[in-house]
Amino acid sequence: MDKSSRIYIAGHRGLVGSALLRKLRSERYENLVLRTSGELDLREQAAVREFFRTERPEYVFLAAARVGGIHANNSFPAQFIYENLMIEANIIHSSYLSGVKKLLFLGSSCIYPKFAPQPIKENSLLEGKLEPTNQAYAIAKIAGIEMCRSYNTQYGTGYISLMPTNLYGPEDNFDLENAHVLPALIRKFVEAGRENRPDVTVWGTGSPMREFLYVDDLADASLFLMKNYSGSGPVNIGTGRDISIRDLALMVKKITGFQGGIVFDNSKPDGTPRKLLDVSLLNSMGWQAMTGLEEGIRLTYEWYMQNRPGK
Ligand code: GDP
């Protein structure tokens, strides 16, 4: 991949795609192909085929997906499985038909079994039952990994799969119901502070453990692997460290300066008890995460304060 290669970022307005765009622009890749979802509906097979036939991208970052937190996954499983299957199938098959040189597919750590041994190695895939709250999404993402592997085997393509841990950063979804935990907590603490409320409600028991990766680090890892990795097996991307939801809430409270208390709502699901990725494969290739959790939350909080609706 050189600076003049035609590179398509699918989903460039999302959390991951916008970080990839910042990264590729900062490294002066000059031939980026971009389409908003209004311009190209990735669920529509004919439209996607026509786009690849006319635009002829050489490299593809597949960062377009229907994503959401525990409540959204639990409430809209049909949309999560249908839209993700269509997006992946359309882009991967069109990439094959139009001769894309290399494609990078982004999965998620929720593809691994609920009770996988921790930290989770890549070879835990399909070794056990999934976490029910995000099974539909996970099965769609597993299908994407299997498509990449199968096309490499049958057609000799160069499609790689990355499994990032929970991501956060600028351009995330801060919706209170449908967001992931970190953006939801930032917003909850900011609003509770502004409205002088006595406490903030955190879902579940606070005991689940999660690992968080700042999205600009993922963009860096993606470019690194696009250049340096060509295997068919998925590669975990994370920090190798996790934190309880309780401690995460305390960290967000401190960064936002909220003075009140924290209440746990046990009627909300905890989801999987722990999902820490084993990142030794990635580390052995020479890549490590750079942004500490507190620093990353601070950057995300600052972005939210500058960009939240009404600003
Ligand atoms: P998950 O990693 O797929 O479970 O997705 P989430 O990021 O949505 O949730 C992670 C954990 O944070 C779960 O145990 C949630 O119950 C917990 N959590 C606590 N408060 C919140 C909140 O306000 N929003 C979300 N989405 N999760 C929360």
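**Group meeting: a ligand site and its surroundings in a predicted model**

Seventeen residues surround the ligand, and of these 17 residues Ile70, Lys188, Arg210, Pro269 and Asp270 come nearest. A residue is taken as near the ligand if one of its heavy atoms lies within 4 Å of it.

Some housekeeping before I go on. This is a predicted model, in which local features need pLDDT of at least 70 and side-chain atom pairs count only at pLDDT 80 or more, while totals for chains, interfaces and linings use all residues. Residues are numbered from 1 along each chain as its sequence is written, and side-chain values use heavy atoms, with hydrogens and water left out.

Back to the ligand, starting with polar contacts. A polar contact here is a pair of N or O atoms within 3.5 Å; within protein, one must be able to donate a hydrogen and the other to accept it, and residues adjacent in sequence count only if both atoms are side-chain atoms. A backbone N or O atom of Asp270 is 2.6 Å from an oxygen atom of the ligand. Ile70 also uses a backbone N or O atom, at 2.8 Å from a ligand oxygen. From Asn166 the contact is made by a polar side-chain atom, 3.2 Å from an oxygen atom of the ligand. How much of the ligand does the protein bury? Taken alone, the ligand exposes 540 Å², and the protein buries 98% of that. Areas come from the Shrake-Rupley method with a 1.4 Å probe, and for residues only the protein chains shown count as cover.

Which elements give two or more residues to the shell around the ligand? They are α6 (181-194) and β7 (199-203). Helix α6 supplies the largest share, three residues. Helices (H or I, at least four residues) and strands (E, at least two) are DSSP runs, numbered from the N terminus. By class, the shell holds nine nonpolar, four polar and four charged residues. In that count Ala, Val, Leu, Ile, Met, Phe, Trp, Tyr, Cys and Pro are nonpolar, Asp, Glu, Lys and Arg are charged, and the others, Gly among them, are polar.

Now the protein as a whole. It has ten helices and 13 strands. The radius of gyration is 19 Å, close to the 19 Å that the globule rule gives for 311 residues, so the protein is as compact as a globular protein of that length. That radius is taken over C-alpha atoms, and the rule is 2.2 Å times the number of residues to the power 0.38. Along the principal axes, the C-alpha atoms fill a box of roughly 60 × 45 × 40 Å. Of the 311 residues, 52% count as buried; buried means under 20% relative accessible area, exposed over 50%, and partly exposed in between (1.4 Å probe, protein chains only). The protein exposes about 13800 Å², with carbon and sulfur atoms supplying 49% of it. Among contacts (heavy atoms within 4.5 Å) between residues at least 6 apart in sequence, 81% join residues at least 24 apart.

Next, the loop between β4 (102-106) and α5 (135-155), where Glu131 sits. Is Glu131 buried or exposed? Glu131 is buried, at a relative accessible area of 6%. Its side chain reaches the backbone nitrogen of Thr272 at 3.4 Å. Leaving aside residues up to four places away in sequence, Glu131 touches Lys114, Gly271 and Thr272. Pro119 is also in the loop between β4 and α5, and the peptide bond from Gln118 to Pro119 is cis, with omega near -15°.

Two arginines have a backbone angle to note. Arg28, in the loop between α1 (15-26) and β2 (32-33), has a positive phi of about 65° although it is not a glycine. Arg28 is exposed, with a relative accessible area of 65%. Arg56, in the loop between α2 (45-55) and β3 (59-62), has a positive phi of about 50° and is not a glycine either. Arg56 is partly exposed, at 43%.

Last, two pairs separated along the chain. Glu44 is in the loop between β2 and α2 and is partly exposed, with a relative accessible area of 43%. Its C-alpha atom is 7.5 Å from that of Asn90, 46 residues apart along the chain. Ala19 lies in helix α1 and is buried, at 1% relative accessible area. The C-alpha atoms of Ala19 and Pro170 are 8.1 Å apart, with their positions 151 residues apart along the chain. Ala19 touches Val215, Asp216 and Ala219, again not counting residues up to four places away in sequence.
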